[in-house]
Amino acid sequence: MIDPTDSVTRFIPHPVRLDFVSATRTYSIALDRDLFDQWTVTRSWARKENNLRGKRITHVDSFEAGMAMVQAIARVREKRGYQPA
């Protein structure tokens, strides 16, 4: 049993992942911790017809900052015609 006054134990949010698709492309956004326990937002995209792919990893200060970034990216994807997968 975890002691509620324990100063070591902390809440760890689960990783977040959103996937989007369009007629010719796929796009994924993930918020997770890296090996150094820092929060990262990973964006991955690919074309459906061929093997062209890309990825960008951005370090953020906190889970909340990462969620704000994920939500902003998701809004842009939806404006550009992507549908949630």
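A hairpin joins β1 to β2 through three residues, and this turn is a convenient place to enter the structure. The model is a predicted one, in which local features need pLDDT of at least 70 and side-chain atom pairs count only at pLDDT 80 or more, while totals for chains, interfaces and linings use all residues. Residues are numbered from 1 along each chain as its sequence is written, and side-chain values use heavy atoms, with hydrogens and water left out.

The secondary structure of the protein chain comes to one helix and five strands, where helices (H or I, at least four residues) and strands (E, at least two) are DSSP runs numbered from the N terminus. Read from the N terminus on, these elements follow the order β-β-β-β-α-β. As for confidence, pLDDT is the predictor's confidence in each residue, on a scale from 0 to 100; the protein chain averages 89, and 86% of the residues score at least 70. Among the elements, β5 has the lowest mean pLDDT, at 94, and β4 the highest, at 97. Where pLDDT is low, the predicted coordinates should not be read in detail.

The five strands form an open sheet with antiparallel pairing, in the order β4-β3-β2-β1-β5, two strands being taken as paired if DSSP finds at least two bridges between them. The edges are formed by β4 (53–60) and β5 (83–84), each of which pairs on one side only. Strand β1 and strand β2, the two joined by the hairpin, pair in the antiparallel sense over six bridges, and within this pairing R17 stands opposite A30 in β2. On the other side of β2 in the strand order, residues 25–33 of β2 and residues 39–47 of β3 pair in the antiparallel sense over nine bridges, with T26 standing opposite A46 in β3. Two bridges join β1 to β5, which also run antiparallel; here the bridge partner of F20 in β5 is P84.

Helix α1 (residues 63–79) lies across β1 (16–21), β2, β3, β4 and β5, and runs at about 175° to β2. For this angle, axes are lines fitted to C-alpha atoms, for helices over the stretch in contact, and angles run from 0 to 180 degrees between N-to-C directions. Contact, here and below, means heavy atoms within 4.5 Å. Among contacts in the protein chain between residues at least 6 apart in sequence, 38% join residues at least 24 apart.

Two threonines show how individual residues sit in the sheet. T42 lies in strand β3 and, at 17% relative accessibility, counts as buried; buried means under 20% relative accessible area, exposed over 50%, and partly exposed in between, with a 1.4 Å probe and protein chains only. Not counting residues up to four places away in sequence, T42 touches S28, I29, A30, K55, R56 and I57. T58 has its place in strand β4, and its C-alpha atom is separated by 5.5 Å from that of T40, 18 residues apart along the chain. Leaving aside its neighbours within four places in sequence, T58 is in contact with W39, T40, V41, R43 and M69. The side chain of T58 also makes a polar contact of 3.1 Å with the side chain of R43. A polar contact is a pair of N or O atoms within 3.5 Å; within protein, one must be able to donate a hydrogen and the other to accept it, and residues adjacent in sequence count only if both atoms are side-chain atoms.

The aromatic residues give a further view of the fold. A search of the whole structure finds three aromatic pairs, where rings of Phe, Tyr and Trp (its six-membered ring) pair if their centres lie within 6.5 Å, and planes under 30 degrees apart count as stacked, over 60 as edge-to-face and the rest as tilted. One of these is the stacked pair of Y27 and W45, at 6.2 Å centre to centre with 15° between the planes. Because Y27 lies in strand β2 and W45 in strand β3, this pair ties together parts that are 18 residues apart in sequence. Y27 counts as buried at 8% relative accessibility, whereas W45 is partly exposed, with a relative accessible area of 37%. Y27 also forms an edge-to-face pair with Y82, at 6.2 Å centre to centre and 65° between the planes. That pair links distant parts of the chain, with Y27 in strand β2 and Y82 in the loop between α1 and β5, 55 residues apart. Both Y27 and Y82 are buried, and ring pairs link Y27, W45 and Y82 into a cluster. Over the protein chain as a whole, 26% of the 85 residues count as buried.
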